Amino acid sequence: MSEELIGGDSLYNPEYRAAQQRLRARSEEAVRRAEEAAEEPLPEVTVVVVDDQDLVRNGFRLILSSYENLRVVGEARNGLEVQDVVARTHPDVVLMDIRMPLMDGIEATRQLFSRPETSDTKVLVLTTFDIDEYVYDALGAGASGFMLKDSEPDDIANAIQVVARGDALIQPSVMRRLVETFAAQRGKPQVAGGKMNELTEREREVLVMVARGLTNAEIGEQLVISAATVKTHVARIMGKLDVHDRAQLVMLAYEAGLVVPGQA
């Protein structure tokens, strides 16, 4: 068989063979790193469960204890109790019911974020309905997202991990639906105009797109910039407006009148 049929002289060229060996080594290294990443345990996330029903709290404790990286460090029956529990245990995430006696989850969330010693804790709201006016209020108080109480265990575990990383759980499009449902009914509240005035023209442009539910990649496509640049803009906007996640940005954009409910 002639050498042309199997690649000709190039197969025996030292430079060609060396290049092939380098490529093979890089491929093997990439596979090895991917396997190591897959084997790395997830960082531990500590959780406090807040609900006025004993059965619900016990149920969530059982669910969460079945995941190696989730650890329940405390429980509370209402918004008053959770203040002391969080101050004492310093959890990464609070799984917060909304409707509770003595102090509801909305006021409890607001108070947690108002106290320096508990303001770093993330709050994940539990609700019975996917569109609930109380959810809107809880997000406004500082919660990072919400979960339905009847969600699958894996979804709840994943949600806790997402919030613990500092990300907003609910997608901007879902947040937009919440805001459109309730913001128009309330009238526009007072928004810190001074803070909005600190935004550059490009930052206001990005904020409007975030409020309309666009991802970083989609915003970058429209503005002809990279997704990484969009991420930098979003981080600067959060810093200037003193908010901690994307959900808060969506709310502020609607409440400031940058986006009109129903016309996004």
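This report describes a predicted model of one protein, from its overall make-up to selected helix contacts and single residues.

## Overall make-up

The protein has 264 residues, of which 41% are buried. Its secondary structure consists of 12 helices and 5 strands. Contacts between residues at least 6 apart in sequence often span long stretches of chain: 67% of them join residues at least 24 apart.

## Confidence

The mean pLDDT of the protein is 78, and 70% of the residues score at least 70. Among the elements, strand β1, residues 45–50, has the highest mean value, 95. The lowest mean, 59, belongs to helix α7, which covers residues 172–186.

At the start of the chain, residues 1–8 have a pLDDT under 50 throughout. For this stretch the model has 6 contacts beyond four places in sequence. Where pLDDT is low, the predicted coordinates should not be read in detail.

## Helices α3 and α4

Helix α3 spans residues 79–89 and helix α4 spans residues 105–114. Their axes are 9 Å apart and the two helices pack at an angle of about 30°. An angle under 35 degrees counts as roughly parallel, and α3 and α4 are therefore roughly parallel to each other. The crossing of α3 with α4 is right-handed.

On the α3 side, the contact is made by G79, V82, Q83 and V86; on the α4 side, by A108, Q111 and L112. Sorted by class, the contact of α3 with α4 has 4 nonpolar and 3 polar residues, with no charged residues.

## Helices α9 and α10

Helix α9 runs over residues 201–211 and helix α10 over residues 216–223. The two axes come within 10 Å and cross at roughly 130°. An angle of that kind falls outside the parallel, antiparallel and perpendicular ranges, and α9 and α10 are therefore oblique to each other. Their crossing is right-handed.

From α9, the residues R202, E205, V206, M209 and V210 meet I219, Q222 and L223 of α10. This contact of α9 with α10 divides into 5 nonpolar, 1 polar and 2 charged residues.

## Helices α9 and α11

Helix α9 also packs against α11, at an angle of about 95° and with the axes 10 Å apart. That angle makes α9 roughly perpendicular to α11. The α9 residues R202, E203, V206, L207 and V210 meet V230, H233, V234, R236, I237, K240 and L241 of α11. By class, the contact of α9 with α11 comprises 7 nonpolar, 1 polar and 4 charged residues.

One of the α11 residues in this contact is H233. Helix α11 covers residues 227–241, and H233 lies within it. H233 counts as buried because its relative accessibility is 13%, and the limit for a buried residue is under 20%. Beyond its neighbours within four places in sequence, H233 is in contact with R202, E203, V206 and I225.

## Loop residues and chain separations

T200 is located in the loop between α8, residues 193–197, and α9. With a relative accessibility of 37%, T200 counts as partly exposed. T200 and I237 are 37 residues apart along the chain, and their C-alpha atoms are separated by 9.1 Å.

E152 sits in the loop between β5, residues 145–148, and α6, residues 153–164. E152 counts as exposed, at 53% relative accessibility. Its C-alpha atom is separated by 9.8 Å from that of I63, which is 89 residues away along the chain.

## Residues with positive phi

Most residues other than glycine have a negative phi. H90 has a positive phi of about 50° although it is not a glycine. H90 is placed in the loop between α3 and β3, the latter covering residues 93–97.

V224, likewise not a glycine, has a positive phi of about 60°. The loop between α10 and α11 holds V224. V224 is exposed, with a relative accessible area of 73%.

Methods
Residues are numbered from 1 along each chain as its sequence is written. This is a predicted model: local features need pLDDT of at least 70, side-chain atom pairs count only at pLDDT 80 or more; totals for chains, interfaces and linings use all residues. Side-chain values use heavy atoms; hydrogens and water are left out. Axes are lines fitted to C-alpha atoms, for helices over the stretch in contact, and angles run from 0 to 180 degrees between N-to-C directions. Helices (H or I, at least four residues) and strands (E, at least two) are DSSP runs, numbered from the N terminus. Angles under 35 degrees count as roughly parallel, over 145 as roughly antiparallel, 65 to 115 as roughly perpendicular and the rest as oblique. A crossing is left-handed if the near helix is turned anticlockwise from the far one by less than a right angle, and right-handed if clockwise. Contact means heavy atoms within 4.5 Å. Ala, Val, Leu, Ile, Met, Phe, Trp, Tyr, Cys and Pro count as nonpolar, Asp, Glu, Lys and Arg as charged, and the others, Gly among them, as polar. pLDDT is the predictor's confidence in each residue, from 0 to 100. Buried means under 20% relative accessible area, exposed over 50%, partly exposed in between (1.4 Å probe, protein chains only).
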